[in-house]
Amino acid sequence: MTSDTRKGRLIVLSNRLPKGDVPAGGLIFALHEALSGAGGIWIGSADPTETADDTLTPIGSGAYDRFTFSLTEAEHAGFYLGYSNAVLWPLFHHRSDLMEITGDDFDAYAAVNARVARALAAMLRPDDTIWIHDYHFLMVASELRKLGVGNRIGLFLHIPFPNVTDVLALPQANLLAGWLAAHDLVGLQAQRDVSAAFDVLRQDGEVQILNDGTWIRAGRIFAIRSFPIGIDAEGFAKTAAAAPTPELLLDPRAPLLIGVDRLDYSKGLVHRFEAFGEYLARRSDPHMRPTFLQIAPVSRENVAAYQDIREELERASGSINGAHADLDWTPIRYVRHHVDRDRIAGLYRRADVALVTPLADGMNLVAKEFVAAQDVTDPGVLVLSHFAGAAEQMEAALQINPFDQGSFAEAIDRALTMSLEERIERNDALRKGVFEQDIAWWTQTFLNRLSSASISYDGGAEV
Ligand code: ADQ
């Protein structure tokens with residue numbers, strides 16, 4: 001891994017930021033490390049209050065300083081629950097049918113983005129680098145440019161990029177190219193996202209592609225590339241190896257499948273439950289009685305589409321268990337609360353199969369965590385959807401189409417009956433990628449690319 005070549009402070013903007021101890025592993029820890037290296041600032045959102053203004057509130061300092069920007073309850077509803085999570089999130093996950101478009105929500109989004117930009121501009125030094133995270137802040141860079149800020153600005157989008165026809169469903173579709181072009185570097189998870197972004201940019205009359213593959217709009221050159229996010233593979237592997245055997249009240253030899261997701265319609269949970277039901281109905285070995293443990297804590301409960309998915313899932317698990325359960329066997333165990341990382345790591349290691357089968361997902365870190373957690377001498381099998389960004393890197397997984405229930409069910413059967421030799425071969429190949437392109441690799445690759453004087457092109461991807 002190359003070291004960070006950036007000069008000056010790093011300023012990170014993300015909706016969430018650590019308000020207390022920084023958790024080991026994961027994105028938050030990687031950003032904490034990057035900030036600790038050169039010193040810098042981390043800005044995130046405060047809990048909503050009655051009034052809001054342009055000042056940033058310090059919430060802690062050390063190797064770097066942490067601040068929050070303020071927002072009112074109404075802005076939280078419009079900026080966060082509304083435009084971010086009920087417009088951009090469904091749109092970028094190819095679910096424009098779930099968008100709840102209101103002009104007020106966009107106004108709140110624009111106002112919060114503009115306020116964050118003003119607050120940021122007031123503290124900037126000329127050699128600071130700004131790293132913006134995710135869809136909550138698509139307009140911050142263009143607001144900063146309007147204020148005359150010439151600093152390097154990078155954006156990393158953790159979710160998929162919508163295709164060109166999806167984007168037409170956004171009332172602000174004509175503004176998107178301008179928002180992107182205000183950055184120096186836009187990082188996306190997968191090469192397919194880069195292709196989608198290129199298609200969208202080509203629709204904009206003012207954007208031109210340059211010979212080196214960068215883009216120019218209104219005199220500004222910018223680049224769009226993929227930087228597939230990784231995990232703290234070493235740390236996670238150690239946690240999994242040290243985790244106590246999970247208390248599942250299962251026969252230790254009974255096959256266990258696991259799913260770990262936020263409860264979100266993009267994660268394909270209903271399709272997954274139904275495919276497992278179909279597998280049970282026509283499994284090759286009727287004596288095999290596997291248990292599928294799905295951990296899916298509720299998220300974004302104030303957005304209507306999230307209440308619907310919760311009800312659908314409860315119906316699906318009830319009917320599958322109703323059809324197949326026995327006195328000593330519950331085929332689906334559905335846990336709706338948060339489970340500690342250590343226990344999740346131990347469950348991954350105990351599991352024979354992981355079902356990571358989203359309908360759309362930027363990357364999906366669970367796929368990588370499952371691989372890192374395995375015992376290399378007797379590993380489990382990763383069943384992975386083509387629609388997770390991780391599918392581009394994880395070719396050795398058993399890849400499936402979650403919309404095709406029959407072949408999905410067959411893949412579950414195949415995973416549960418796979419030979420030790422094939423499991424080891426696949427796991428070794430997956431492990432190599434997960435350990436080489438880990439979270440530290442991702443942070444450094446993005447920041448080095450952002451700081452390099454001439455952003456060059458060699459195919460649109462870092463891999
Ligand atoms: P998420 O949609 O949150 O992230 P994911 O990548 O799977 O999805 O990350 C979830 C993280 O939370 C994992 O570390 C997982 O272990 C943990 N987690 C999930 N369910 C949990 C549970 N029930 N209990 C405890 N922990 C749980 C977004 C994008 C992804 C992208 C990431 C990072 O949607 O596509 O991979 O950001 O860029």
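This briefing walks through helix packing, aromatic pairs and a few individual residues in the structure above. The model is predicted, so please read every value below as computed from that model. Helix α9 is a good place to begin, since it packs with both α13 and α10. After that come α1 with α15, the buried side of α11, the ring pairs, and three residues picked out one by one.

**Helix α9 and its two partners**

- Helix α9 covers residues 269–281 and helix α13 covers residues 405–416; their axes lie 8 Å apart and make an angle of about 65 degrees.
- That angle makes α9 roughly perpendicular to α13, and the crossing is right-handed.
- On the α9 side of this contact are H271, R272, E274, A275, F276, E278 and Y279, which meet Q405, G406, F408, A409, I412, D413 and L416 in α13.
- Sorted by class, the α9–α13 contact holds 7 nonpolar, 3 polar and 4 charged residues.
- With helix α10 (residues 304–324), α9 packs at about 10 degrees, and the two axes are 9 Å apart.
- Here α9 is therefore roughly parallel to α10.
- The α9 residues L269, V270, F273, E274, G277, L280 and A281 meet I309, E312, L313, A316, S317, I320 and H324 of α10.
- By class, the contact between α9 and α10 has 9 nonpolar, 3 polar and 2 charged residues.
- E274 takes part in the contact with α13 and also in the contact with α10.

**Helix α1 with helix α15**

- The axes of helix α1 (residues 26–38) and helix α15 (residues 439–451) come within 10 Å and cross at roughly 50 degrees.
- This makes α1 oblique to α15, and the crossing is right-handed.
- G26, L27, A30 and A34 from α1 meet I439, W442, T443 and L447 from α15.
- The α1–α15 contact is made up of 6 nonpolar and 2 polar residues, with no charged residues.

**The buried residues of helix α11**

- Helix α11 runs over residues 341–350, and its buried residues are I344, A345, G346, L347, Y348 and R350.
- These buried residues pack against two helices, α8 (233–242) and α12 (365–373), and two strands, β11 (256–260) and β12 (291–295).

**Aromatic pairs**

- Across the whole structure, a search finds 23 aromatic pairs.
- One of them joins F79 and F137: the ring centres are 6.0 Å apart and the planes make 40 degrees, a tilted arrangement.
- F79 belongs to helix α2 (residues 73–92), while F137 sits in the loop between β5 (129–133) and α4 (140–146), so this pair links parts of the chain 58 residues apart.
- F79 and F137 are both buried.
- Y83 and Y109 form another tilted pair, with 4.7 Å from centre to centre and 50 degrees between the planes.
- Because Y83 lies in helix α2 and Y109 in helix α3 (residues 103–123), their pair ties together parts that are 26 residues apart in sequence.
- Y83 and Y109 are buried as well.
- Ring pairs link these four residues with F69, F106 and W179 into a cluster.

**W215 and its surroundings**

- W215 lies in strand β9, which spans residues 215–217.
- Its relative accessible area is 1%, so W215 counts as buried.
- Leaving aside neighbours within four places in sequence, W215 is in contact with F198, L201, R202, V207, Q208, I209, L210, R220, I221 and F222.
- W215 and D184 are 31 residues apart along the chain, and their C-alpha atoms are separated by 9.8 Å.

**Two positive phi values outside glycine**

- D134 is not a glycine, yet its phi is positive, at about 80 degrees.
- D134 is placed in the loop between β5 and α4, and with a relative accessible area of 12% it is buried.
- A218 also has a positive phi, about 50 degrees, although it is not a glycine.
- A218 is found in the loop between β9 and β10 (220–226), and its relative accessible area of 66% makes it exposed.

Key. Residues are numbered from 1 along each chain as its sequence is written. This is a predicted model: local features need pLDDT of at least 70, side-chain atom pairs count only at pLDDT 80 or more; totals for chains, interfaces and linings use all residues. Side-chain values use heavy atoms; hydrogens and water are left out. Helices (H or I, at least four residues) and strands (E, at least two) are DSSP runs, numbered from the N terminus. Buried means under 20% relative accessible area, exposed over 50%, partly exposed in between (1.4 Å probe, protein chains only). Contact means heavy atoms within 4.5 Å. Axes are lines fitted to C-alpha atoms, for helices over the stretch in contact, and angles run from 0 to 180 degrees between N-to-C directions. Angles under 35 degrees count as roughly parallel, over 145 as roughly antiparallel, 65 to 115 as roughly perpendicular and the rest as oblique. A crossing is left-handed if the near helix is turned anticlockwise from the far one by less than a right angle, and right-handed if clockwise. Ala, Val, Leu, Ile, Met, Phe, Trp, Tyr, Cys and Pro count as nonpolar, Asp, Glu, Lys and Arg as charged, and the others, Gly among them, as polar. Rings of Phe, Tyr and Trp (its six-membered ring) pair if their centres lie within 6.5 Å; planes under 30 degrees apart count as stacked, over 60 as edge-to-face and the rest as tilted.
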